[in-house]
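Opening the notebook on this one. I want to look up one helix and one pocket, and jot down what turns up.

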Amino acid sequence: MDQLSAMRVFTRVVETGNFSKAANSLKMPKTSVTTAVQALEAHLATKLLNRTTRRVVVTTDGALYYERAARILSELDELDNSLSSSQAQPSGKVRVALSGAFADRIIMPALCEFHTRYPKIQLEFDIGDRIVDYVAENIDCALRAGTPSDQSLVARKVADLELRTYAAPLYLERMGTPHHPRDLNKGHFGVGYMKAYEGRVFPLMFRKGEEDVEVSLDYVISVNEFRSYMAATIAGIGVAQAVAFTVSDSVKRGELVEILSDWQRDPIPLYVVYPQTRHLSNKVRVFVDWLARKLHEAQQSEARHDASLRTKAQG
């Protein structure tokens, strides 16, 4: 028996919850997965998993073995990557969960650049704002706005996001243009946005000098995915707040208009998060570093654009 290989198989069965998913993840026949786990149990002389027709239940011994085995495998992978990184290009698959806004505006336009620099890395994106099970779904890292509350995740801050307020010209023609955030309380509607794991619609926040205003608008629709959020805003359903560089094309096309531009919202921190049980491998680290750099470039570009518009307005 190859004990190291059997340990990898066992940990994937625990993480995915059944033999079929583990087999698919490892690209192995299900019979090979079953044989590996049985061989490991025979070697350890203890039962690690209780199997039923519907699910796999980890025994007490299995839970203890999984915790140590996952840590050993993670440290071994990190050791291999650290020794090989100076001699070879990072390689392998990197699974990333992130919002479609960042995929469309940051990653896709620069993907050829990344591939040219790291030709042996394959990127797999889980695009959306849903809750993900990092371990079971084999997610290497995720890009998440807001300070993470899950203590099982390691978080690296990569940017501060400045949100601005937008509406469609059609909406403003129908409802009028607000000149103060409190004007929004006079019959205006918002497009509701909520994180899937919080289940509440976020209010619009404004700050100007020492004055803070929070507005909770009635909404016709609420969503938990950014593309739909902006599609509803462009359709004229209501007012929304978004990161400037994610909607710059819509502004240039005249689909959206920035309103209340002299009011700001406190920046929202953007983090790359990954499970504590996994060290950042070299392949994931180079992707995260590249992504952080691209986010910074996008923000700098938007700042230069704003400065140019202000100069033209003053001239």
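**Helix H3**

I began with the length of helix H3, residues 30-44: at 1.5 Å a residue, its 15 residues should span 21 Å, and the end C-alpha atoms are indeed 21 Å apart, so the two agree. Worth keeping in mind that this is a predicted model.

Which residues of H3 are buried? I get Val33, Ala36, Val37, Leu40 and Glu41. They cover an arc of only 130 degrees around the axis, which means they sit on the same side of H3. That fits the usual rule: an α-helix has 3.6 residues a turn, so residues three or four places apart point the same way.

Then I checked the other side of H3, where Thr31 and Ala42 are exposed. Just after H3 I noted alanine 45, which takes a positive phi of about 55 degrees.

**Second largest pocket**

Next, the second largest pocket, which holds about 790 Å³ of space. I count 39 residues in its lining, and those nearest the centre are Leu163, Tyr193, Lys195, Phe202 and Ile268.

Which elements give two or more residues to this lining? My list has helices H5 (100-107) and H8 (226-234), plus strands E5 (141-145), E8 (189-193), E11 (218-223), E12 (240-243) and E14 (268-275). E8 supplies the largest share, with four residues.

Last, I sorted the lining of the second largest pocket by residue class: 24 are nonpolar, seven polar and eight charged.

Key:
Residues numbered from 1 in each chain as written. Predicted model: local features only at pLDDT ≥ 70, side-chain atom pairs only at ≥ 80, totals over all residues. Heavy atoms only, no water. Expected span 1.5 Å × (residues − 1). Buried < 20%, exposed > 50% of the residue type's maximum accessible area, 1.4 Å probe, protein only. Arc of directions from axis to C-beta. 1 Å grid on protein atoms, 1.4 Å probe; cavity = no way out; pocket = protein on both sides within 12 Å on 5 of 7 lines; lining within 4 Å. Points joined across faces, edges and corners; volume = space filled by probe spheres on them. Nonpolar A, V, L, I, M, F, W, Y, C, P; charged D, E, K, R; others polar.
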